[in-house]
Amino acid sequence: MVHRPKLTVATEYGNAGSFWVEYPAGLIDLTRTTHLPKGALQDGDVVQDQVARDVPVPPLQPSTQLDVPVNGDRVVRIAKKQSAIVIIDMQNFFLHPDLRDHPTGLACVIPLMNLVPALREQGVKILWVNWGLTEHELTTIPPSLVRGFMKSGRGGFGAPLPGDFGRLLMRGEFNSELYGPLQGLYEEGRREGTDVWIHKNRMSGLWGPQTALDLYLQEQGINTLFFAGVNADQCVLGTLVDAYFRGYDCIVVEDCVATTSPAGALENVLYNAGGAYGFVTDSSRIIDAAT
């Protein structure tokens with residue numbers, strides 16, 4: 001992957017209310033707390049509307065901020081209370097061996113089990129964003145999506161699954177619960193008030209102007225999102241791209257995303273996540289920064 005060279009001068013992106021500042025040292029400040037000062041042009045003595053060239057990096061405020069290394073030899077500084085991890089579709093329907101062969105998805109479980117408690121300790125919200133359909137929603141899902149979840153014209157949303165898994169991706173069914181120990185991890189966080197379960201009814205959790213996820217993020221003042229879950233090139237990517245379009249800061253946690261698609265699909269997601277939509281890191285770097 002080709003990475004951007006470091007800057008030679010501190011640069012501010014965005015607008016007065018929503019902005020990032022990138023420094024030549026490699027820090028990208030996403031906290032929206034410190035604008036670049038204005039100063040004199042390098043070749044003149046008249047103060048103009050241009051940022052000063054020699055700008056010190058603001059010191060980290062450990063009580064409210066966290067510096068996380070990301071790919072490309074950069075560090076992103078986040079505001080803890082304005083940040084959340086969005087964990088998408090780590091559900092039995094997509095991961096349980098009795099329903100699907102998804103070894104790379106299962107490999108994300110342990111990193112998430114380690115990462116979630118570390119983020120909780122820092123005050124970062126844990127959002128479990130999952131399929132969970134109501135009877136009414138079965139009548140509103142568009143035909144392309146209905147067809148995509150059917151096999152040979154049979155089954156699909158709401159159809160009964162084998163054994164005790166219940167109806168496919170319906171709210172409250174066993175196949176819609178989180179896989180294995182992740183369900184218990186969520187229940188623990190729900191009791192502590194750190195974790196929130198958010199239902200979605202499309203590939204993207206942010207597809208419309210009034211989705212439950214977008215409303216929650218706005219109400220909580222959250223603007224920085226870590227992304228994890230399956231499938232990386234489908235529901236994770238859909239939510240990631242919609243978040244990018246809306247102006248959220250997007251950070252993909254590489255060892256916590258996976259897909260069943262052919263080789264190259266995940267590579268493309270990570271390439272664009274780090275080169276266009278935002279940043280890429282991994283659970284170990286986040287944990288190291290948080291502890």
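**Two aspartates and a sheet**

Asp 89 is found in the loop between strand E8 (83–88) and helix H1 (92–95). The model is a predicted one.

Student: Why is Asp 89 called buried?

Tutor: Buried means under 20% relative accessible area. Asp 89 has 0%, so Asp 89 is buried.

Student: And why does Asp 73 count as exposed?

Tutor: The cut-off for exposed is over 50%. Asp 73 has 58% relative accessibility, so Asp 73 counts as exposed. You will find Asp 73 in the loop between E6 and strand E7 (74–79).

Student: What is notable about phi in Asp 89?

Tutor: Phi of Asp 89 is near 60°, a positive value in a residue other than glycine. Asp 73 also has a positive phi, of about 60°, and is not a glycine either.

Student: Now the sheet, please! In what order do the five strands stand?

Tutor: The order is E1-E2-E3-E7-E6, in an open sheet with mixed pairing.

Student: Why do E1 and E6 stand at the edges?

Tutor: Strand E1 (11–14) and strand E6 (65–70) each have a single partner strand, so one side of each is left without a neighbour in the sheet. On average, neighbouring strands of this sheet are turned by 20° against each other, direction ignored.

Student: What makes E1 and E2 a pair?

Tutor: Two strands pair if DSSP finds at least two bridges between them. E1 and strand E2 (residues 19–22) have four bridges, in the antiparallel sense, so they meet the cut-off of at least two. Glu 12, for example, stands opposite Val 21 in E2.

Key. Residues are numbered from 1 along each chain as its sequence is written. This is a predicted model: local features need pLDDT of at least 70, side-chain atom pairs count only at pLDDT 80 or more; totals for chains, interfaces and linings use all residues. Side-chain values use heavy atoms; hydrogens and water are left out. Axes are lines fitted to C-alpha atoms, for helices over the stretch in contact, and angles run from 0 to 180 degrees between N-to-C directions. Buried means under 20% relative accessible area, exposed over 50%, partly exposed in between (1.4 Å probe, protein chains only).
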